[in-house]
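Biologist: I am new to reading protein models and would like a close look at a single part. Could you walk me through one helix and what surrounds it, step by step?

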Amino acid sequence: MSGIAAKKIAEAEDLVKQAEKSLKLSMLKWVPDYDSAADEYSKAATAYRIAKSYDKSKECFLKAIDAYKNNKSWFHAAKAYEQIILLSKDADKLHEVEEYANKSASLYQQHGSPEAAASALDKAAKLTESKHPDMALRFYQHALEVIMIEDSVRQAAEYASKVSRILVKLRRYDEATNALKKEISLNQQTESYGQIGRLVVALVMVQLARGDSVEAEKTFREWGNCCEPEEVSTLQTLLQAFDDEDPELAARMLASPFIRHMDVEYAILSKNIPLPQGIQMEKKAGDTAVETNDAEDEGGLC
């Protein structure tokens with residue numbers, strides 16, 4: 001143990017003793033001093049964290065939260081849960097994040113701070129997305145629900161976008177279809193028509209990835225008027241390529257520069273959409289016929 005770590009642990013232990021003293025009752029003290037105890041436990045938790053004594057740090061944060069709750073300091077209790085979330089990252093225990101992120105959000109809402117609740121969930125999602133995308137999705141969905149209660153449409157559209165993109169990343173295309181429709185609806189409310197155009201492109205690609213070119217065409221007919229000329233031209237040609245079962249033309253449209261410069265999830269999706277196979281199937285059928293004729297010829301020679 002380094003000198004700094006030992007010093008911090010000693011500091012933390014002293015703070016814990018002070019916190020315990022603040023909670024003790026006596027002849028002249030009938031009510032615990034929850035405010036002082038919470039402050040001292042929080043400082044002890046921070047000292048333990050610097051010393052990389054993560055279990056003791058977490059224990060102190062939880063004791064601080066109990067003190068905050070007893071004092072009805074919901075906002076400070078929520079902030080302490082956020083510190084445990086960061087601690088979970090330090091201790092490489094990201095599986096614990098979901099429990100504490102939801103508790104933090106709940107306390108922020110109880111305090112009357114829905115934006116802080118959504119922000120806590122958003123930070124937890126960013127922390128877990130690379131290793132636990134399913135967990136991150138739940139955080140984004142929860143954040144969207146919280147903000148929707150407040151009728152903050154513009155901010156709701158931002159969280160809806162994160163939900164849509166992570167569903168595409170997870171290849172959960174049926175859910176992504178519904179999420180994108182919701183995102184389009186939110187952007188219609190804020191009259192963000194330029195954004196709607198790109199979302200229509202994204203929705204068409206998701207439906208093609210599902211193998212449903214009929215729904216893709218229906219989407220374009222319904223919302224195509226929100227698209228820019230380049231988007232309209234590309235989608236028309238792309239859908240025609242699928243209708244004509246022309247894989248080369250479809251691939252060329254999916255490689256359009258503006259598609260490749262969309263959000264990374266949609267750019268990757270454009271490379272993974274199964275191309276129409278009609279021409280290739282016909283070619284294979286033709287090849288089979290040639291092989292059959294050759295076989296017959298060879299049989300005749302025999």
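Modeller: What follows is a tour of helix α5 and its surroundings, with a short look at another helix at the end. Please keep in mind that this is a predicted model.

Let's start with aromatic rings. The structure holds two aromatic pairs. In one of them, Phe 75 and Tyr 108 meet edge-to-face, with 5.3 Å from centre to centre and 70 degrees between the planes. Phe 75 belongs to helix α4 (residues 74-90) and Tyr 108 to helix α5 (residues 97-111), so this pair ties together parts that are 33 residues apart in sequence. Are the two partners buried or exposed? Phe 75 counts as partly exposed, at 30% relative accessibility, while Tyr 108 counts as buried, at 1%.

Now for the other pair: Tyr 81 and Tyr 100 are stacked, 6.0 Å from centre to centre and with 25 degrees between the planes. This pair also links distant parts of the chain, since Tyr 81 sits in helix α4 and Tyr 100 in helix α5, 19 residues apart. Tyr 81 is buried at 4% relative accessibility, and Tyr 100 is buried with a relative accessible area of 5%.

Next, look at Ser 104, which is placed in helix α5. Ser 104 counts as buried because its relative accessibility is 0%, and the cut-off for buried is under 20%. What does Ser 104 touch, leaving aside its neighbours within four places in sequence? Its contacts are Ala 78, Tyr 81, Glu 82 and Ala 120. You have already met Tyr 81 as a member of the stacked pair.

Let's move on to how α5 packs against α7. Two packed helices are described by the angle between their axes and the distance between the axes. For α5 and α7, the axes come within 11 Å and cross at roughly 10 degrees. These two helices are therefore roughly parallel to each other. On the α5 side, the contact is made by Val 97, Glu 98, Ala 101, Asn 102, Ala 105 and Gln 109. On the α7 side, it is made by Met 135, Arg 138, Phe 139, His 142, Val 146 and Ile 149.

Val 97 deserves a second look. The largest nonpolar core has 95 residues, and Val 97, Met 205 and Leu 269 touch the most other members. Helix α10 (residues 193-209) gives the largest share of this core, eleven residues. Beyond four places in sequence, Val 97 touches Ile 85, Ser 88, Ala 124, Leu 127, Thr 128, Met 135 and Phe 139. Of these, Met 135 and Phe 139 also appear in the contact of α7 with α5.

From α7 we can step across to α9. Leu 170 is found in the loop between α8 and α9, and is partly exposed, with a relative accessible area of 23%. Its C-alpha is 7.6 Å from that of Pro 133, although the two residues are 37 apart in sequence. Not counting residues up to four places away, Leu 170 touches Pro 133, Asp 134 and Leu 137.

Helix α9 itself (residues 173-189) has 17 residues and spans 24 Å from its first C-alpha to its last, close to the 24 Å expected. Its buried residues include Tyr 173, Ala 176 and Leu 180, and what covers the buried residues of α9 includes α7, α8, α10, α11 and α15. After α9 comes Glu 191, which has a positive phi, near 55 degrees.

Key
Residues numbered from 1 in each chain as written. Predicted model: local features only at pLDDT ≥ 70, side-chain atom pairs only at ≥ 80, totals over all residues. Heavy atoms only, no water. Phe/Tyr/Trp six-rings, centres within 6.5 Å; stacked < 30°, edge-to-face > 60°. Helix = DSSP H or I, 4+ residues; strand = E, 2+ residues; numbered from the N terminus. Buried < 20%, exposed > 50% of the residue type's maximum accessible area, 1.4 Å probe, protein only. Core = buried A, V, L, I, M, F, W, Y, C linked by side-chain atoms within 4.5 Å. Contact = heavy atoms within 4.5 Å. Expected span 1.5 Å × (residues − 1). Axes fitted to C-alpha atoms, helices over the stretch in contact; angles between N-to-C directions. Parallel < 35°, antiparallel > 145°, perpendicular 65-115°, else oblique.
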